[in-house]
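This report covers buried and surface nonpolar residues in the structure displayed here. Please keep the sequence at hand while reading.

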Amino acid sequence: MNVDLSVEIGGLRLKNPVLTASGTFGYGIEFADYLDLSRLGGIVTKGLSLLPRRGNPPPRIVETPSGLLNAIGLENVGLENFARDILPALAKTGTRVIVNFFGDSVEEYAQMAAELDGLGGVDALELNISCPNVKAGGMAFGTRPESAAAVTAAVRARTGKTLIVKLSPACDAVAVARAVAGAGADAVSCMNTIPAMAIDPATRRPRLANVTGGLSGPAVRPVAVKMTFDVARAVTIPVVGVGGIMSGDDALEFVMAGASGVEVGTANFTDPCAAVRVLDGIEAYCARHRVREYRTLIGSLLTDGAPTSCG
Ligand SMILES: Cc1cc2nc3c(=O)[nH]c(=O)nc-3n(C[C@H](O)[C@H](O)[C@H](O)COP(=O)(O)O)c2cc1C
């Protein structure tokens, strides 16, 4: 059976709903030897800043039960090097290019947006608001609806490209989602890593040099599915599901909860072809269940009523 896998996310048309998650797939082109990049719905780049950043000292990655704890510290090549050395090849891969970016201040976010808006080959932007607002004492932009809306509005004013705002689980995600939708976001992605830490009792030291980091991988999937479910019911803009997706069935949990598309992250560390496997799994499900158009599965969860209390 021929399955139509295409979907539109905030004005951005994708051939299929599977994207790679920022920071887990480099700048995309590094993976060209492992898989046919043109099969992907899109590539979300490593988070970019105006100037290059070296990130945190090692150890920066620790394995946890069914998860990964990281504190990379947003190491990246910076916008200028990306535009000159990486984007030309990336733009020729036959898939959508979504640039994830961040800044230390609202002004820096806005400047990044303006520069990215002028770059041919960049199809959409993903705004990482889980970053400290240096001018406001270091609290992450994404933790409060007001600061999340302010940075979204500043970026929106400088770009006409599809704007996806990436939500943090360390906040009232529904309130922040409503705020960024009101400030002009075209879509939201759920979710970034969960703040976490691990300690080695033998040394009494944290396992990450940065002391704390962000948790990802299968361990976080139920949290991300719930966040997607809550946010999708609260806003009218599309939602992209991210968190612990390893297979087509994992991705479909997010889709049924209300996500229009999905991003595959930590799975790329164990299998560089994970995103294509996820795509094949979604397609096989559609064929098996006689679903001709993938998009009819979005928000198709069957429940016997509204959720009540836990336990
Ligand atoms: C090593 C690593 C680096 C990451 N870097 C970024 C980043 O630069 N920008 C961002 O928005 N998210 C970043 N993330 C978060 C992922 O894109 C994703 O939201 C999160 O890991 C949950 O998905 P997963 O469980 O499938 O990995 C990073 C995650 C990991 C594991």
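Beyond its neighbours within four places in sequence, V97 is in contact (heavy atoms within 4.5 Å) with I43, L87, L90, A91, G121, V122, D123 and A124. The model is predicted, so local features need pLDDT of at least 70 and side-chain atom pairs count only at pLDDT 80 or more, while totals for chains, interfaces and linings use all residues. Residues are numbered from 1 along each chain as its sequence is written, and side-chain values use heavy atoms, with hydrogens and water left out.

V97 and I199 each lie in a strand (a DSSP run of E, at least two residues). Their accessibility classes are buried (under 20% relative accessible area), exposed (over 50%) or partly exposed (in between), with a 1.4 Å probe and protein chains only.

| Residue | Strand | Relative accessibility | Class |
|---|---|---|---|
| V97 | β7 (residues 96-101) | 1% | buried |
| I199 | β12 (residues 199-200) | 49% | partly exposed |

The C-alpha atoms of V97 and R205 are separated by 40 Å, and the two residues are 108 residues apart along the chain.

The largest nonpolar core (buried Ala, Val, Leu, Ile, Met, Phe, Trp, Tyr and Cys residues joined through side-chain atoms within 4.5 Å) has 89 residues. F101, Y109, L167, V231 and I282 have the most contacts inside this core. Helix α8 (residues 274-288; a DSSP run of H or I, at least four residues) gives the largest share, eight residues. Another core, of five residues, lies apart from it and includes V62, A71, A198 and L208.

Outside the neighbours within four places in sequence, the contacts of Y109 include F101, L127, F141 and V155.
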